[in-house]
Amino acid sequence: MTGVAKSTIAKALEMLTAPAGLNAQLAAVTEGAQEALAEVSARQVMAQNVAVDVAERSSEVLYPAVQVYCERLVNSQREKFRAFSGKAHMAVEVRFSQDRLEGIEDRLRGYVDAVTLVLERNQGDWGAGMFYGGGYEVAFGPVKRGGRNFVQSAKVTFAVEVSRS
């Protein structure tokens, strides 16, 4: 089953870092706005599930940070005689930090909007037995101490149907 998680994470990372991915959608989200959001480098998009405080103690964290991971796999065996036939429950966690409290949530929402636009533009067949139907859920966390003084995160969760022999 680890191959299922690894391949869905790899595909989500590929979509986010593609030329039409996160940075292109950031440009679309901030078009006409007074202040543009900073682009996200490939180094800021990681395949890992690490808490904010652990990440900041273990290495230098560049904000905004985007973490992609598989929260859980459900092999429901809807297709008999398949090794895996079920869902990969995925998460894209976006963390934003700045030195003042004002505007932190607005900027975080801009990055989350860009992530959801990437998902919306990639509905359908992802290849290799993966299919994304288009639904997602966003949960915003509270502002905490950390990063450049304050840090806030939001988690976008979605399910990918996977069918593997």
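In which loop is the place of Ala128? In this predicted model, Ala128 is found in the loop between β4 (124-127) and β5. The phi angle of Ala128 is near 55°, a positive value in a residue other than glycine. Ala128 counts as exposed because its relative accessibility is 55%, and the cut-off for exposed is over 50%.

A positive phi also occurs at Phe81, another residue other than glycine, where the angle is near 70°. Phe81 belongs to the loop between β2 and β3. With a relative accessibility of 83%, Phe81 is likewise counted as exposed. The backbone has a further feature at Pro64, where the peptide bond from Tyr63 to Pro64 is cis and omega is near 0°. Pro64 is part of the loop between α3 and β2.

The chain as a whole contains 4 helices and 8 strands. In sequence order these elements follow the pattern α-α-β-α-β-β-α-β-β-β-β-β. The C-alpha trace spans about 55 × 35 × 25 Å along its principal axes. The radius of gyration of the chain is 17 Å, which agrees with the value near 15 Å for a compact globule of 165 residues. Of the 165 residues, 44% count as buried. Among contacts between residues at least 6 apart in sequence, 61% join residues at least 24 apart.

The interior was examined next. The largest nonpolar core has 38 residues, and those that touch the most other members are Val68, Met90, Val92 and Phe158. At least two residues of this core come from each of α1 (2-17), α2 (22-29), β2 (65-75), β3 (84-98), α4 (104-121), β5 (130-132) and β8 (149-164). The largest share, 8 residues, is supplied by α4. When neighbours within four places in sequence are left aside, the contacts of Phe158 include Met90 and Val92, both of which are also listed with Phe158 as touching the most other core members. Phe158 is further in contact with Ala88, His89, Leu119, Trp126, Tyr132, Gly135 and Tyr136.

Open spaces were then considered. The largest pocket holds about 210 Å³ of space. The lining of this pocket is formed by Val29, Thr30, Ala33, Gln34, Glu35, Ala36, Leu37, Asp106, Arg107 and Gly110. The helix α4 gives the largest share of the lining, 3 residues. Thus α4 contributes the largest share both to the largest nonpolar core and to the lining of the largest pocket. Sorted by class, this lining consists of 4 nonpolar, 3 polar and 3 charged residues.

The second largest pocket holds about 160 Å³. Its lining has 14 residues, of which Met46, Gln48, Ser59, Glu60 and Val61 are the closest to the centre of the pocket. At least two lining residues come from each of α3 (52-58) and β2. By class, the lining of the second largest pocket is made up of 6 nonpolar, 5 polar and 3 charged residues. The strand β2 therefore appears in two settings, as it supplies at least two residues of the largest nonpolar core and at least two residues of the lining of the second largest pocket.

Notes
Residues numbered from 1 in each chain as written. Predicted model: local features only at pLDDT ≥ 70, side-chain atom pairs only at ≥ 80, totals over all residues. Heavy atoms only, no water. Core = buried A, V, L, I, M, F, W, Y, C linked by side-chain atoms within 4.5 Å. Buried < 20%, exposed > 50% of the residue type's maximum accessible area, 1.4 Å probe, protein only. Contact = heavy atoms within 4.5 Å. 1 Å grid on protein atoms, 1.4 Å probe; cavity = no way out; pocket = protein on both sides within 12 Å on 5 of 7 lines; lining within 4 Å. Points joined across faces, edges and corners; volume = space filled by probe spheres on them. Nonpolar A, V, L, I, M, F, W, Y, C, P; charged D, E, K, R; others polar. Rg over C-alpha atoms; globule rule 2.2 N^0.38 Å.
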